[in-house]
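User: Hi, I have a protein model open and would like some help reading it. Could you take me through a few of its contacts, one at a time?

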Amino acid sequence: MINSTFCIGLMSGTSLDGLDICYVRFDDDQHFEILQAETIDYSDEWRNKLAKAYAYSAMDLCELDVEFGYFLGEQVQDFIAKYRIEQLDFVASHGQTIFHQPQKFFTLQIGNGAAIASRCGQKVVSDFRTQDVVLGGQGAPLVPIGDELLFNEYDACLNLGGFSNISLNREGKRIAFDICPINIVLNHYSKQLGKEYDENGDFAAQGKINIELVKELDSLEFYKQSFPKSLGFEWVEAEFLTIVDKYDISVQDKLCSCIEHFAHQMQKIFSFYDINNVLITGGGVRNVFFINRLRALTSVEIIIPNDNLIDFKEALIFAFLGFRRVQNKINSLSSVTGASKDHSSGVIFELL
């Protein structure tokens, strides 16, 4: 008889396009079913708070950590009531990344686990990245263990969120790394045109590629580094946007040029690792202009799954990380993050 585990995964990415909630059943380490899932849009107030939190004082950030935790717990409580969920073993929360500087041995995802538990009345697993960072790892990406166990029929898995990251198995080991920013940049420039994001890539499609801009972006030092490597908002602000903003061109041209750059970087990775097929998920999949450009630059078979996996794969896998954590099984791979060893990461909060 199969002893199934029922859990909820929460994911809030750097692009701030909403809170993904995924209710999933795991039968074992390879079999799952997404039972319910939805994205909760952030109010303008929450979006502004989270976007500006990196500049908060220490005291204000501590306050926001708990406040956001209460908010997450309340959303879980509402989700449970809405879908009449009766079986639930725990909630696994990624939190909201505010700082990520693994070279200095720190990373911060707010959304206090105890606060979540206090509002939803469930066991909570959170803070999945800190342990990896203090063990010398990048603390990212963490999704690849899910790719390795749940989606190993594909040569590679590519996620297009605030940042694009890829994972693949090489010589019996899972490796993964951030390739380049994507939605965090595209959304930044879309807002200058009055939209939260560039729907279907329509703004970019109106622009023209600025070859010099693409070449300058392609020459960024990050792309010359070997894995493990990961990106954060601080890098985007200091390194990437400063280059784009030097160019006196239209916002549409900036978007078009950035998309060309992103497609270049992904094609280079596909070619270097001799990838034949790739599963692509994340909000960036719906940027039709980008996907068409990527297909034009590569012969790799691009596989786009059903809507649930496109939108909720990361929330699903954070639930999976929690699933392995509560069993004290390895959920963070040193081959991916560069940590000193494989380990089981995440802090468990349980109101007894």
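User: Which residue forms a salt bridge with Asp147, and how far apart are the closest N and O atoms?

Analyst: Keeping in mind that this is a predicted model, Asp147 forms a salt bridge with Lys313, and the closest N and O atoms of the pair are 2.7 Å apart. In general, side chains of opposite charge can pair when their charged atoms come close.

User: Where do Asp147 and Lys313 lie?

Analyst: Asp147 lies in helix H5 (residues 144-150), while Lys313 lies in helix H12 (residues 307-326), so the salt bridge ties together parts that are 166 residues apart in sequence.

User: Are those two, Asp147 and Lys313, buried or exposed?

Analyst: Both Asp147 and Lys313 are buried.

User: How many salt bridges does the structure hold?

Analyst: The structure holds 18 salt bridges, and one of them joins Glu216 to Lys246, with the closest N and O atoms 2.7 Å apart. This pair links distant parts of the chain, since Glu216 sits in helix H8 (residues 211-218) and Lys246 in the loop between helix H9 (233-244) and H10, 30 residues away in sequence.

User: And is Lys246 buried or exposed?

Analyst: Lys246 counts as exposed because its relative accessibility is 56%, whereas Glu216, at 24% relative accessibility, counts as partly exposed.

User: Which residues are joined into one network by salt bridges that share partners?

Analyst: Such a network joins Arg25, Asp27 and Glu33. Within this network, the side chains of Arg25 and Asp27 meet in a salt bridge of 2.9 Å, taken from N to O.

User: Switching to helices now, at what angle do H6 and H10 pack?

Analyst: Helix H6 (residues 183-191) and helix H10 (residues 251-272) pack at an angle of about 175°, and their axes are 10 Å apart. An angle over 145 degrees counts as roughly antiparallel, and H6 and H10 are therefore roughly antiparallel to each other.

User: Which residues make that contact between H6 and H10?

Analyst: On the H6 side the contact is made by Val185, Leu186, Tyr189 and Ser190, and on the H10 side by Val251, Lys254, Leu255, Cys258, Ile259 and Phe262. Sorted by class, the contact of H6 with H10 has eight nonpolar residues, one polar and one charged.

User: What about H1 and H2, how far apart are their axes?

Analyst: The axes of helix H1 (residues 44-52) and helix H2 (residues 58-82) are 12 Å apart, and the two helices pack at an angle of about 140°. H1 and H2 are therefore oblique to each other, and their crossing is left-handed. The contact involves Trp46, Lys49 and Leu50 from H1, together with Leu64, Glu67, Phe68 and Phe71 from H2, and these residues divide into five nonpolar, no polar and two charged.

User: One more topic: which helix is Leu297 in, and what does Leu297 contact beyond its neighbours within four places in sequence?

Analyst: Leu297 is in helix H11 (residues 288-297), and, once its neighbours within four places in sequence are left aside, Leu297 is in contact with Glu260, Ala263, His264 and Gln267. With a relative accessibility of 27%, Leu297 counts as partly exposed.

User: Lastly, is Asn165 buried or exposed?

Analyst: Asn165, which is found in strand S9 (residues 163-170), is buried, with a relative accessible area of 15%. Not counting residues up to four places away in sequence, Asn165 touches Cys157, Leu158, Asn159, Phe177, Asp178 and Ile179.

Definitions and conventions. Residues are numbered from 1 along each chain as its sequence is written. This is a predicted model: local features need pLDDT of at least 70, side-chain atom pairs count only at pLDDT 80 or more; totals for chains, interfaces and linings use all residues. Side-chain values use heavy atoms; hydrogens and water are left out. Axes are lines fitted to C-alpha atoms, for helices over the stretch in contact, and angles run from 0 to 180 degrees between N-to-C directions. Helices (H or I, at least four residues) and strands (E, at least two) are DSSP runs, numbered from the N terminus. Angles under 35 degrees count as roughly parallel, over 145 as roughly antiparallel, 65 to 115 as roughly perpendicular and the rest as oblique. Contact means heavy atoms within 4.5 Å. Ala, Val, Leu, Ile, Met, Phe, Trp, Tyr, Cys and Pro count as nonpolar, Asp, Glu, Lys and Arg as charged, and the others, Gly among them, as polar. A salt bridge is a side-chain nitrogen of Lys or Arg within 4 Å of a carboxyl oxygen of Asp or Glu. Buried means under 20% relative accessible area, exposed over 50%, partly exposed in between (1.4 Å probe, protein chains only). A crossing is left-handed if the near helix is turned anticlockwise from the far one by less than a right angle, and right-handed if clockwise.
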